[in-house]
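Colleague: I'm new to this one, so could you take me through a single part of it slowly? I'd like to hear about the aromatic rings and what sits around them.

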Amino acid sequence: MEALFRTHLIAWLRADFALASRLNAIEEESPAAASPPWLGIAASAAADWSGKTFAGREIRVALELVDRNDDGATTAETVALIERRIATMAPIQEGYRVVATQFLRSRAERRGKGLRAVLVEYRFRLLMDF
């Protein structure tokens, strides 16, 4: 379930023209060959979220945006596009239904060589189709 959800999430982010036009890559892992700016899944984890009458999963996903600029406002605009896109992900997907999407936390840092990194973490609760 987690692997399928990660694939759908990346495809959903890639399909946004405004977001894709700002980034050199949107990948399921940190891209090895892409130069910044890029977006990738830094980590994910799944836990049981089932009840007596349904099967479900809670999936936590941490997305990492790596950018190279001196203007934090530009990076913040890209993060806002990511957040908007995630908020509009269709609830009905092949194999499951997203019943809750929740922003958990973010962290921003400056790195060497003019890099900025922002980690954005979300929790998704899914009901599995059988």
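Modeller: Here is a walk through the aromatic rings, followed by the helix contact that one of them belongs to. Keep in mind that this is a predicted model.

Let's begin with the ring pairs. With a limit of 6.5 Å between ring centres, the count comes to five aromatic pairs. One of them is formed by W49 and F54, whose centres are 5.8 Å apart, with 55° between the planes. That angle falls between the 30 and 60 degree limits, so the pair counts as tilted. And how open are these two residues? W49 has a relative accessible area of 25%, while F54 has 38%. Buried would need under 20% and exposed over 50%, so W49 is partly exposed, and F54 is partly exposed too.

Elsewhere, ring pairs tie F5, Y96, F103, Y122 and F124 together into a cluster.

Now for W12, which has a charged partner. R85 lies over the face of the W12 ring, 3.5 Å from its centre. Both residues also turn up where two helices touch: L9, W12 and L13 on helix 1 meet I82, R85 and I86 on helix 3. Helix 1 covers residues 2-14 and helix 3 covers residues 72-87. Their axes come within 10 Å and cross at roughly 120°. Since roughly perpendicular stops at 115 degrees and roughly antiparallel starts over 145, helix 1 and helix 3 are therefore oblique to each other. As for handedness, the crossing of helix 1 past helix 3 is right-handed.

Key
Residues numbered from 1 in each chain as written. Predicted model: local features only at pLDDT ≥ 70, side-chain atom pairs only at ≥ 80, totals over all residues. Heavy atoms only, no water. Phe/Tyr/Trp six-rings, centres within 6.5 Å; stacked < 30°, edge-to-face > 60°. Buried < 20%, exposed > 50% of the residue type's maximum accessible area, 1.4 Å probe, protein only. Lys NZ or Arg CZ within 6 Å of the ring centre and 35° of its normal. Axes fitted to C-alpha atoms, helices over the stretch in contact; angles between N-to-C directions. Helix = DSSP H or I, 4+ residues; strand = E, 2+ residues; numbered from the N terminus. Parallel < 35°, antiparallel > 145°, perpendicular 65-115°, else oblique. Left-handed = near helix turned anticlockwise from the far one by under 90°. Contact = heavy atoms within 4.5 Å.
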